[in-house]
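Work through the exercises below with the structure open. Try each task before you read its solution.

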Amino acid sequence: MLIQGLHPLEIKLLLHYKADELITSEKVLDELSYNLGQCNQAFSWLSAKELIEEKSREKSIKFLLTELGRDYQEKGSHEERIFKLIQKQGPLTLPDIAVRLKLENREVGSAFGALSKSGLLGMNEKKQVVILDNKKLKAIDALTGLLNLFTQNEVVEKKNLSLEQAELISSLGRKRGASRGLFRILEKEEVIYVLTSSGLKVRDILLNQGITGDEIGILTPELLKNEAWKKQKFRGYNINIPPVRVLLGRKNPYVEFLERLKDKLISLGFEEFDGPLLETEFWNCDALFMPQFHSARDIHDVYHVKDPTHAKEIEQPYLDQVAATHENGWKTGSLGWRYKFDRQFTRRMILRSQGTVLSAKTLPRAKVPGKYFGVVRCFRYDRVDATHLADFYQTEGIVLGEEVNLKTLLGLLKMFAVEVAGAEEFKFVPGYFPFTEPSVEVHIKHPELGWFELGGSGIFRPEVTAPMGIKVPVLAWGLGIDRMALVALGLNDLRDLFTGDIEQVRLRTRKELCRR
Amino acid sequence: MPKIEVNDRVFFRMIGRSMESSELSKALTVAKAELDDWLPDPGGNLIKIELNDTNRPDLWSTVGLARQLRLFFSETLPSYPFFSSKGNTMDSANRVVQVDPGLKEIRPYIAAFIAEGLPIDDPLLKDLIQSQEKLCWNYGRKRSSIAMGVYRADLMSFPVQYRAADPDKTSFIPLDSDKELSLRAILTEHAKGIEFGSIVSGFELFPFLEDNNGEVLSFPPIINSARLGAVNVGDSQHFIELTGTDIDSLLLACSIAACDLADCGYTIGPVRIAYPYDTPYGREIVTPYYFQKPVSLDTAYGCKLLGEEISAEEAAACIHKMGIEVSRSGERLTVTPPPYRNDFLHSVDIVEEIMIGRGMESFEPIWPEDFTIGRLSSMEMFSRRVREIMVGLGYQEMIYNYLGSSRDFVERMNIDGCDIIEIANPMSENSEIVRNSQLPNLLSSESTSGNAVYPHRIFEIGKTVVKDSEENYGSRTSTKLSFLVSDREAGFNDVNSHLSALFFYLSRDYSLKKITDPRFIHGRAGAVMCEGKDVGIVGEIHPEVLKNWGIQMPCAGVELDLDFIA
């Protein structure tokens, strides 16, 4: 395990050092050609795995040449250049020296000051610089020697200098910035590592297995092209490292649930219908033979619209036929509700409160035999909580046919129980819907929810179908699938179906609609 | 759906037998009722029952529900000999209610009877109050079309005056009060006046009931008087009246109350109502009054609907089992609805009685045989294509509610909102409007999802509505796609690339036309043009809008009307 997880940077380092050998970043940089970042990574990974451990810490002082120092190194120091000029040209004034060496008067002045102090140079009565004592070249040589140290090494450590050199370099250096100094001084505490006993064991294993750290990591097009992979081993990866998270495009699981439901229904021969969110009182209730004075039609049972308050017109002949049916039964064989049908009220706009609206609207254009369904958004005048929403999906539909009757209605409900809900146990009880007679509910035993009402169905009253021009019996049905949706999505609050929380939706998973 | 509580001892005594919970559950299906709960209670346990049939107010009391179950288990139909009907008027023994012409436009109808001969006990009083409430609240539309009052008949004298009274000059001491209040003051100072006052407050005169001595009965439909209108345990003579706006439902409610009390053992005494104006049943009606009409069924029609060959004889037996009087003439069955029911409008209503009477389990389910072709709507098919492309582009699909607040959909979006559909009777701030756009939904997600790993790419396919005076409905529902990108460097180019990919894979072309829209940064918004039509909008969301939502990450979005592209 441990061996497989080692990075080449770690492997190479482990292999390179022996027991008790001191490991410093300097050595690693030098001997393994790591850059500082790689070196630090290797140290940190190996320490974490306890394959190396800290032995001690050492404070180190190092020197680097500044730009000025590099200039001195190339051309010689100002002092050296002045001395050589005088040696060659004889006495010269300070400004003459400055012109000839292309230096500033200030620079020449300060260099001459140092040299005259040491007794090497002096000034004659013509204010010309002359050599006083040829033997006192030490002042120049010491600096030149120091600069020469930097020709081989970019960095010079203080521990490698003589006492005099160290003093001189410190006097000419700057710790930071170093604008005018010759040397930059770096102070740093360095950790010194050694291999631990487990580091040594790993080292032995690596040696035994012939792992070098030069195995192929990422397989590149170049490796494929030059076939270098034939000569090298592949580095094994730690395949149990948790993978990086991917943000993917995804359907909403609730939408998927509704899609599966629709797929199920079309597989059973149903054709989908749809319609506008805003409806008239006519289609929402009147066409379904709910009397206009019915208590379910009060102001606090549906949402009304400020503008437009009313539709311009209701399609004929349906308006006249529905109105007559309410008033006296029209030709439906019914007594009707026996009141004055309000033709202004019937045009009033409301938010669709039941999917059955669309069943009614489908009747005039429906085929016989025909099966239709819709999974449509409806609006309820309910206070929103975990079990009530103000807008939600209803699943409803109709079945038209010469042979439609109570027994086929039971068959339809059985089909929904078995095919849509995957129920093995179900029972029928008499139900009530204002627009169907007779009406039946189906209750199913759901594997997770226990017994609950899956749906209801009934034969549309002739007062509903006849005004729409339908002469055959029509089954109207509805399915309550919200609770099944919650189970499928692992939720227990209806509000979560429509959550706007991106992270919640991203992480949500889904079970199948049913086990069939 | 009404829910009632019944005392189990009283309930089972009235049914004539006692039942276990599972047996009761099954029996209740006969009344389309469900057993909710059965709780221990001193003096008899409480059974909570939900009634599903809103056209059967007769079942919303212990007595009424027990009657339906009793009839199912027994052979004899009950007899209620106190009903008058057309051409058959009962003796009202000079008990008269005189109606004032002024009530015609206010609350025109009243029905009344007396019940006597039995001191009322606690469970019965409770049940009487419960059934009064259910009748008046659920069936009587919160007392607006039916209100009921019970009085101490021993203290009052006939004829009773039902008149339209001046609300400022008429006053009495109402129940649950100790001071005399004018009718007008009751509307603002009495709890019931506050609750139900709106039913009458728009009229100049208010309905008012007093007896022959000027003793006040009540201010219907608001509150009884403290003296005559206070019924207590032990009272054995009651005057019951119901007032309302719809005569059929009023007469039915009166019949239900009378049958319930008769079943409890009371003797019902009819009362004559004298109207100064015409009613569908004449100017003089003696109540309780039977007004229902017989309904007939051709047995063959019943068989066709039930899918079962049932003889006329068997069908009649099933109907009888439901407690309904039925006569047979060959294949034709004629039902005389019980006085407490008014839900026989059509022969199909008889078919259901046959179904329940015969038993649901006697009908074998038949798998649907008709061959039909299943098909998704064309918009659903197109939406699925769009959804697949959006998922391929790396978007997470969202789904939102369609109702929202003006704050989110208008103010935060910096628009005037003149084409938004506003709801006239919002239940809360979150149901003030129907959404005109999905962008506010997507932005609301952003405003609460700052902790979700970026980038965010979200979309929704759903419906929106806007006003449209061209349409018959004055509005137009559209199916739309909206998508939004939110990230450190999200911008116009991201969403435009995705828009371009979407159109390519839908085999459609589009071009952009620069537009100014307060929701987007000026110069970075375009109308999406497809075949010469404006089908949507694309752009970078304006920082002002982002600020309104408290979003601190750049967003760019698209909204397309799929109806125009499909």
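**Exercise 1. A nonpolar patch**

Which residues make a nonpolar surface patch of about 380 Å²?

Solution. Start with the kind of model: it is predicted. Now find the patch. Leu219(A), Leu224(A), Trp229(A) and Phe234(A) make it. Next, place one member. Leu219(A) sits in the loop that runs between helix H10 (197-209) and helix H11 (221-226) of chain A. Last, check its exposure. The relative accessible area of Leu219(A) is 41%. Exposed needs over 50% and buried needs under 20%. Leu219(A) is therefore partly exposed.

**Exercise 2. A charged patch**

Find the surface patch of negative charge that contains Glu369(B), and place that residue.

Solution. First, list the members. Glu402(A) and Glu403(A) gather there with Glu369(B) and Asp370(B). The names carry the chain letters A and B. Then locate Glu369(B). Its loop lies between helix H10 (347-358) and helix H11 (378-392) of chain B. Finally, use the cut-off of over 50% for exposed. Glu369(B) has a relative accessible area of 71%, so this residue is exposed.

**Exercise 3. Sequence against space**

How many residues apart in sequence are Ser267(A) and Thr346(A), and what is their separation in space?

Solution. Take the sequence first: the two are 79 residues apart. Then go from C-alpha to C-alpha: the separation is 37 Å. Now look at one end of the pair. Ser267(A) belongs to helix H12 (residues 253-267) of chain A. Its relative accessible area is 52%, and Ser267(A) is exposed.

**Exercise 4. Three salt bridges**

The structure holds 68 salt bridges over all chains. Describe the partners of Glu189(A), Lys251(A) and Arg272(B).

Solution. Begin with Glu189(A). Its salt-bridge partner is Arg57(A), with the closest N and O atoms 3.6 Å apart. This pair links distant parts of the chain, 132 residues apart. Glu189(A) is in strand E7 (residues 183-195) of chain A, and Arg57(A) is in strand E1 (residues 52-65) of chain A. Arg57(A) is partly exposed, at 48% relative accessibility.

Move to Lys251(A). It pairs with Glu259(A), and here the closest N and O atoms are 3.0 Å apart. Glu259(A) has 3% relative accessibility, so it counts as buried.

End with Arg272(B). Its side chain meets that of Glu284(B) at 3.0 Å, N to O. Arg272(B) lies in strand E15 (residues 267-274) of chain B and Glu284(B) in strand E16 (residues 284-287) of chain B, so the bridge ties together parts 12 residues apart in sequence. Arg272(B) is partly exposed at 26%. Glu284(B) is partly exposed at 47%.

**Exercise 5. A network**

Which residues are linked with Lys251(A) and Glu259(A) in a network of salt bridges?

Solution. Sort the names by chain. From chain A come Arg260(A), Lys262(A), Asp263(A) and Glu272(A). From chain B come Glu380(B), Arg384(B), Arg387(B) and Glu397(B).

**Exercise 6. Domains**

Give the domain bounds of chains A and B, with a centre separation for each chain.

Solution. Chain A is assigned domain 1 (67-183) and domain 2 (254-507). Their centres, taken over C-alpha atoms, are 102 Å apart. Chain B is assigned domain 1 (3-73), domain 2 (84-289), domain 3 (295-362) and domain 4 (378-565). For domain 2 and domain 4 of chain B, 58 Å separate the centres.

Terms used: Residues are numbered from 1 along each chain as its sequence is written. Chains are lettered from A and ligands numbered from 1 in the order in which they are written. This is a predicted model: local features need pLDDT of at least 70, side-chain atom pairs count only at pLDDT 80 or more; totals for chains, interfaces and linings use all residues. Side-chain values use heavy atoms; hydrogens and water are left out. Domain bounds come from an automatic or database domain assignment. Patches are made of residues with over 30% relative accessible area and no salt bridge: like charges are joined within 9 Å, nonpolar side chains (Val, Leu, Ile, Met, Phe, Trp, Tyr) within 5 Å. Accessible areas come from the Shrake-Rupley method with a 1.4 Å probe; for residues, only the protein chains shown count as cover. A salt bridge is a side-chain nitrogen of Lys or Arg within 4 Å of a carboxyl oxygen of Asp or Glu. Lys and Arg count as positive and Asp and Glu as negative; His and the chain ends are not counted. The place of a charge is taken as NZ of Lys, CZ of Arg, CG of Asp or CD of Glu. Helices (H or I, at least four residues) and strands (E, at least two) are DSSP runs, numbered from the N terminus. Buried means under 20% relative accessible area, exposed over 50%, partly exposed in between (1.4 Å probe, protein chains only).
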